[in-house]
Amino acid sequence: MTTSALPQTESPDIAAIAMQNDAFRKLACLGIAPDQPIAGRMHVTRSLAEAEDGFMAEAVKATGEFDVFEPENDPDGCHDFGAVDIRGQKVFWKIDLYEADSDFRYGAEAPDNPATTMRVLTIMMASDW
């Protein structure tokens, strides 16, 4: 009698996801091109877009420059969430990963594969959360 084990799916490479998320944030927010293409979109909430006097531009720049990832604010190690202070106001950013051809309906099956993953970076006022 022979038995066959069910194939085990490999866990995604968290370090690769973190590196890709960082590279995408730098591209979307600072215009720094990554070494390899990373597909995605950036969105800002209405309250951030309607903020006056260059506030949104400061928030976008600070999001791109963010690099303080610690276990308390990045428990999964994916570099997919952060908070920045702009003029005494808290601004959150979040990256969600979707299957590239799913019209943002399905999470990425292989989130560490930039060829099949679409990133969505949302920047928002903390009050929007």
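# Strands, helices and salt bridges

Modeller: In this predicted model, strand β1 (residues 40-44) runs parallel to β4, and 5 bridges join the two.

Biologist: Which residue in β4 is the bridge partner of Gly 40?

Modeller: Gly 40 belongs to the stretch 40-44, strand β1. Strands of a sheet pair through backbone hydrogen bonds. In β4, Gly 40 has as its bridge partner Arg 119.

Biologist: What is the order of the strands in the open sheet?

Modeller: β1 and β4 pair through 5 bridges. β4 also pairs with β3 (residues 89-99), in the antiparallel sense, over 9 bridges. β3 is joined to β2 by 6 antiparallel bridges. The pairing is thus mixed, and the 4 strands have the order β1-β4-β3-β2.

Biologist: Which are the edge strands?

Modeller: The order of the open sheet is β1-β4-β3-β2. An edge strand pairs on one side only, and that holds for β1 and β2 (81-86).

Biologist: By how many degrees are neighbouring strands of this sheet turned against each other on average?

Modeller: The sheet is open, with mixed pairing. Direction is ignored for this angle, and the average is 20 degrees.

Biologist: Why is strand β4 largely enclosed by the rest of the structure?

Modeller: A residue is buried when its relative accessible area is under 20%. Strand β4 covers residues 117-125. It is largely enclosed because the buried residues number 8 of the 9.

Biologist: Which strands does α1 touch as it packs on the sheet?

Modeller: Helix α1 spans residues 14-30. Its direction makes about 60 degrees with that of β4. The strands touched by α1 are β1, β3 and β4.

Biologist: Is Asn 21 buried or exposed?

Modeller: Asn 21 sits in helix α1. Among its contacts beyond four places in sequence are Ile 95, Leu 97 and Arg 119. A polar atom of its side chain lies 2.7 Å from the backbone oxygen of Cys 78. Its relative accessibility is 0%, so Asn 21 counts as buried.

Biologist: At what angle to β2 does α3 run?

Modeller: Helix α3 covers residues 55-65. It lies across β1, β2, β3 and β4. Its angle to β2 is about 135 degrees.

Biologist: What separates the C-alpha atoms of Phe 55 and Arg 87?

Modeller: Phe 55 lies in helix α3 and counts as buried, at 3% relative accessibility. Its contacts beyond four places in sequence include Ile 86, Arg 87 and Met 125. Phe 55 and Arg 87 are 32 residues apart along the chain, yet their C-alpha atoms are separated by 8.2 Å.

Biologist: How far apart are the closest N and O atoms of Arg 87 and Glu 58?

Modeller: Arg 87 is in the loop between β2 and β3, while Glu 58 is in helix α3, 29 residues apart. Arg 87 is partly exposed at 44%, and Glu 58 is partly exposed at 36%. The two form a salt bridge, with the closest N and O atoms at 2.4 Å.

Biologist: Which residue in β3 stands opposite Asp 85?

Modeller: Asp 85 counts as exposed, at 53% relative accessibility. Its side chain meets that of its partner in a salt bridge of 3.3 Å, N to O, and the partner is Lys 90. The residue in β3 opposite Asp 85 is also Lys 90.

Biologist: How many salt bridges does the count come to?

Modeller: One of them joins Glu 50 and Arg 46, at 4.0 Å. Asp 80, Lys 94 and Asp 96 are linked in a network. The count comes to 7.

Methods:
Residues numbered from 1 in each chain as written. Predicted model: local features only at pLDDT ≥ 70, side-chain atom pairs only at ≥ 80, totals over all residues. Heavy atoms only, no water. Buried < 20%, exposed > 50% of the residue type's maximum accessible area, 1.4 Å probe, protein only. Contact = heavy atoms within 4.5 Å. Polar contact = N/O pair within 3.5 Å; in protein donor to acceptor, adjacent residues only side chain to side chain. Pairing = 2+ DSSP bridges. Axes fitted to C-alpha atoms, helices over the stretch in contact; angles between N-to-C directions.
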